[in-house]
Amino acid sequence: MNYTNKFKNIKLSTIGLTHALFSPEFFKKSDADKQSQMKDWLSAASALYGVVQPDLVISNEEDVCEDGGQYYAENWHGTIVLPKYSVVSLLHEFRHHLQADGKAHRSFRDSEDREHDARGWSLSLLRAARPSMLKQSVRKGYIMFVEPEHLA
Ligand SMILES: [Zn+2]
């Protein structure tokens with residue numbers, strides 16, 4: 001399955017926001033700057049979708065690292081936990097936030113279905129916003145579920 005072309009109708013404002021905040025310069029910044037830039041993205045994206053901005057926590061606990069990221073909807077606003085400053089993981093977990101808030105505008109059969117949706121949304125968004133960044137990450141083997149030929 002090619003997740004990078006699953007979503008063709010992502011808001012242009014979301015694509016523009018993602019393009020603006022996650023240029024290649026992002027990866028040269030300090031951890032503190034990366035964190036604040038990711039929070040800026042969450043703030044603007046939450047406003048675009050009409051949801052409360054989720055918290056962002058960076059944690060190197062074992063289960064977080066194994067999953068590549070987690071989303072908790074237990075508290076009323078949601079928390080995104082990432083093992084590192086991965087843009088694609090941020091987008092993925094934000095999609096779970098939209099799902100939890102009913103802003104994915106569809107119903108889900110099960111957790112597997114939610115995963116497919118989150119992978120498709122995040123990877124389609126990054127492809128639309130920063131295709132060369134996605135290509136580079138795929139070439140380096142950083143992105144699960146995407147093969148180089150998916151981006152040809
Ligand atoms: Zn997920």
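The sheet in this predicted model is an open one built from 3 strands, which follow the order β1-β3-β2 and pair in a mixed fashion. At its edges lie β1, residues 55-58, and β2, residues 70-72, each of which pairs on one side only. Going from one strand to the next, the twist averages 20 degrees.

Within this sheet, the pairing of β2 with β3, the strand that spans residues 79-82, is antiparallel and comprises 3 bridges. A reader who wishes to locate this pairing in the structure can start from Tyr72, whose bridge partner in β3 is Thr79.

From the strands one can turn to helix α4, residues 87-100, which lies across β2 and β3 and runs at about 155 degrees to β3. Leu90 serves to illustrate the contacts made here: leaving aside residues up to four places away in sequence, Leu90 touches Met38, Ile80 and Leu82.

The largest nonpolar core contains 27 residues, and those with the most contacts inside it are Val87, Val88, Leu90, Leu91, Phe94, Leu125 and Leu126. At least two residues of this core are supplied by each of α2 (31-49), β3, α4, α5 (111-129) and α6 (131-139), while the largest share, 7 residues, comes from α5. Leu90 thus appears twice in this account, as one of the residues with the most contacts inside the core and as a residue that touches Ile80 and Leu82, among others.

Note on methods: Residues numbered from 1 in each chain as written. Predicted model: local features only at pLDDT ≥ 70, side-chain atom pairs only at ≥ 80, totals over all residues. Pairing = 2+ DSSP bridges. Helix = DSSP H or I, 4+ residues; strand = E, 2+ residues; numbered from the N terminus. Axes fitted to C-alpha atoms, helices over the stretch in contact; angles between N-to-C directions. Contact = placed C-beta atoms within 7 Å. Core = buried A, V, L, I, M, F, W, Y, C linked by C-beta atoms within 7 Å. Buried ≥ 20, exposed ≤ 12 C-beta atoms within 10 Å, placed from the backbone.
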